[in-house]
Amino acid sequence: MERRRGDSYLGREFSEPAGLPEDVHVKKKMECVDCHQTLQGGMGHIERRATCQDCHPEVEQAMAKSLHKKVSCEACHVKMLGGYEMTSWGSGMVASKPSPFKKYSLYYGPMEPPILIKDQQGIWIPAKIWPNSMGGFKDAVAPKPGLTWRWPKGETRDALVHLGTFSVPGGNNNYLAWLQVEQVAHPLGRSRTCESCHDAPAQVAKVTWEYLDTQGAEPFKGSQRVVADKDGLRVVDIKATTKMKPLPDGKTEHFAAWMHLGDIWKTGGDFSIPKSDPAKYKKLNTDVRAALAKLSAEDKQLKAREARGEDVKKERRRWKEARAAAVHEAVQYLSGMK
Ligand code: HEC
Ligand code: HEC
Ligand code: HEC
Ligand code: HEC
């Protein structure tokens with residue numbers, strides 16, 4: 001998880017690359033199994049499904065009634081990812097022997113923000129998206145448009161875009177190319193802003209990476225963008241941003257096939273966040289801000305009372321519940337409490 005899709009729970013020195021944010025629950029000393037059930041399998045067998053209900057019931061309730069009931073918690077609360085940003089399979093050394101299928105995958109870096117996609121049930125979830133190619137294919141393979149779910153019955157919410165095969169002059173037979181589109185859920189933290197999802201016609205994620213494999217070339221840096229809008233999903237502007245120094249046996253056709261494949265990393269379909277009704281949007285935005293301001297005033301009053309030594313535990317608990325409900329369904333809160 002840390003290396004591939006790069007959704008890191010622990011973050012900091014444990015993430016790839018190091019220094020990504022830690023999940024808000026780490027500070028609370030929460031363990032994986034506080035959210036992931038282990039069932040009969042025990043520790044080695046952690047379920048992918050996780051629940052927030054146990055500890056944030058007021059949020060779950062508010063969300064169920066909200067305009068965002070089809071938006072997962074993680075979609076708003078995960079802002080940055082790490083891990084692989086590219087893989088290029090080609091000739092190289094595997095276990096000290098020459099192989100046509102060496103995986104040059106150490107293109108590590110952050111992607112921000114995650115791209116939202118609709119899962120098999122129409123729920124918006126955040127995803128990590130990156131290009132992959134594998135040279136050495138004899139046969140041609142046709143592309144499949146749109147997302148292909150890895151497990152169509154919904155055991156997971158990971159998908160692929162099958163781009164098909166491409167040939168390159170002087171290259172390594174055909175190159176099979178695909179995009180990995182993987183669900184992410186960590187690190188949870190403060191929410192993204194309304195604007196980051198609603199203000200632009202396209203979702204755009206900025207990606208930077210550093211090539212760190214010991215074969216192919218000396219370390220170099222690069223970048224790309226992931227774009228999702230009404231015209232489809234694509235990875236564009238893949239480029240090296242520092243000088244590339246290939247090692248004696250290093251050939252870009254192998255460790256950096258993307259340099260030869262061109263503008264192939266795309267599929268059609270509507271990947272845009274629906275344009276929201278401007279009146280509803282404005283009202284919700286104003287209401288959330290108003291609720292936060294009101295709650296912050298109440299917070300000050302409670303703090304003042306705490307400072308005077310008063311016991312406000314009950315009020316504090318109620319305040320926390322009100323706050324959680326308010327920011328997730330401000331409309332209800334404002335009409336209900338005033
Ligand atoms: C605050 C709750 C929470 C904690 C704590 C937590 N996770 Fe998760 N994790 C989630 C959620 C939510 C998902 C998405 C589940 C789903 O598929 O709906 C998830 C998904 C995952 C996945 C699945 C990614 C995939 O392959 O699809 C893995 C693996 C994972 N978590 C590992 C961990 C590990 C390891 C820890 C502890 C170091 C941990 N999680 C701690 C909430 C949590
Ligand atoms: C075992 C209890 C527990 C579970 C399960 C749990 N949380 Fe939390 N969560 C906490 C605690 C404790 C805090 C800190 C709250 C506080 O400081 O008042 C917190 C804080 C948060 C925050 C606040 C972040 C911030 O700084 O603004 C978010 C967002 C959050 N949780 C999301 C989730 C999501 C999503 C899930 C389900 C995947 C989940 N939590 C599951 C206990 C839990
Ligand atoms: C549409 C975006 C959105 C979705 C979806 C969403 N949240 Fe939030 N959440 C927010 C905003 C905005 C805040 C305000 C504080 C912040 O910026 O994190 C917040 C705050 C929180 C907090 C901290 C409460 C506090 O008083 O600061 C928790 C806990 C939380 N969310 C849990 C969840 C859980 C659990 C879910 C899913 C059931 C969820 N959120 C879904 C936007 C969202
Ligand atoms: C993480 C991305 C994200 C964030 C942050 C977010 N939204 Fe949304 N919003 C969505 C998505 C996705 C939908 C569509 C949900 C659906 O398909 O049902 C939506 C739906 C809506 C709708 C309903 C659309 C309609 O016209 O019926 C409104 C209004 C809205 N958002 C306003 C806001 C406001 C205001 C904020 C900030 C408080 C906000 N959103 C934060 C992603 C987001």
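Q: What makes a residue in the shell around ligand 4 nonpolar, polar or charged, and how many of each class are there?
A: The class follows from the residue type: in this predicted model, Lys and Asp count as charged, for example, whereas Cys counts as nonpolar. Sorted in this way, the shell around ligand 4 holds 13 nonpolar, five polar and four charged residues.

Q: What makes a residue part of the surroundings of ligand 4, and which residues are the closest?
A: The test is that the C-beta atom of the residue, placed from the backbone, lies within 6 Å of the ligand. A total of 22 residues surround ligand 4, and Lys-70, Cys-194, Cys-197, Ser-276 and Asp-277 are the closest. Helix H4 (73-77), helix H5 (194-198) and helix H8 (278-307) are the elements that give two or more residues to this shell. The largest share, five residues, is that of H8.

Q: From which domains does the shell around ligand 4 draw at least three residues?
A: Domain 1 (24-267) and domain 2 (278-337) each provide at least three residues of that shell.

Q: Why is ligand 3 said to lie where it does with respect to domain 1 and domain 2?
A: Both domain 1 (24-267) and domain 2 (278-337) give residues to the shell around ligand 3, and therefore ligand 3 lies between them. This ligand is surrounded by 17 residues, the closest being Cys-52, Cys-73, Cys-76, Ser-191 and Arg-323. Helix H3 (57-65), H4 and helix H9 (313-328) each contribute at least two residues to the shell. By class, the shell around ligand 3 comprises nine nonpolar, five polar and three charged residues.

Q: How do you know that residues of domain 1 are in contact with residues of domain 2, and how many are they?
A: Two residues are in contact if their C-beta atoms, placed from the backbone, lie within 7 Å. With this cut-off, 10 residues of domain 1 are in contact with 10 residues of domain 2. On the side of domain 1 that touches domain 2, H3 and H5 each supply at least two residues. The largest share of that side, five residues, comes from H3. Its residues divide into five nonpolar, three polar and two charged. The centres of the two domains, taken over C-alpha atoms, are 37 Å apart.

Q: What makes residues of H3 buried, and which are they?
A: A buried residue has 20 or more other C-beta atoms within 10 Å of its own. In H3, Val-59, Ala-62 and Met-63 are buried. Seen down the axis of H3, these buried residues fall within an arc of 100°, and so they line one face of the helix. A general rule helps here: an α-helix has 3.6 residues a turn, so residues three or four places apart point the same way.

Q: Which exposed residues are on the face of H3 turned away from its buried side, and what makes them exposed?
A: They are Pro-57 and Ala-64. A residue is called exposed if 12 or fewer other C-beta atoms lie within 10 Å of its own.

Q: How do you know what span H9 should have, and what do its end C-alpha atoms show?
A: The expected span is 1.5 Å times one less than the number of residues. For the 16 residues of H9, this should come to 22 Å; the end C-alpha atoms are 23 Å apart, which agrees. The buried residues in H9 are Arg-323, Ala-324, Ala-325, Ala-326 and His-328.

Technical notes:
Residues are numbered from 1 along each chain as its sequence is written. Chains are lettered from A and ligands numbered from 1 in the order in which they are written. This is a predicted model: local features need pLDDT of at least 70, side-chain atom pairs count only at pLDDT 80 or more; totals for chains, interfaces and linings use all residues. Helices (H or I, at least four residues) and strands (E, at least two) are DSSP runs, numbered from the N terminus. Domain bounds come from an automatic or database domain assignment. The arc is that of the directions from the helix axis to the C-beta atoms.
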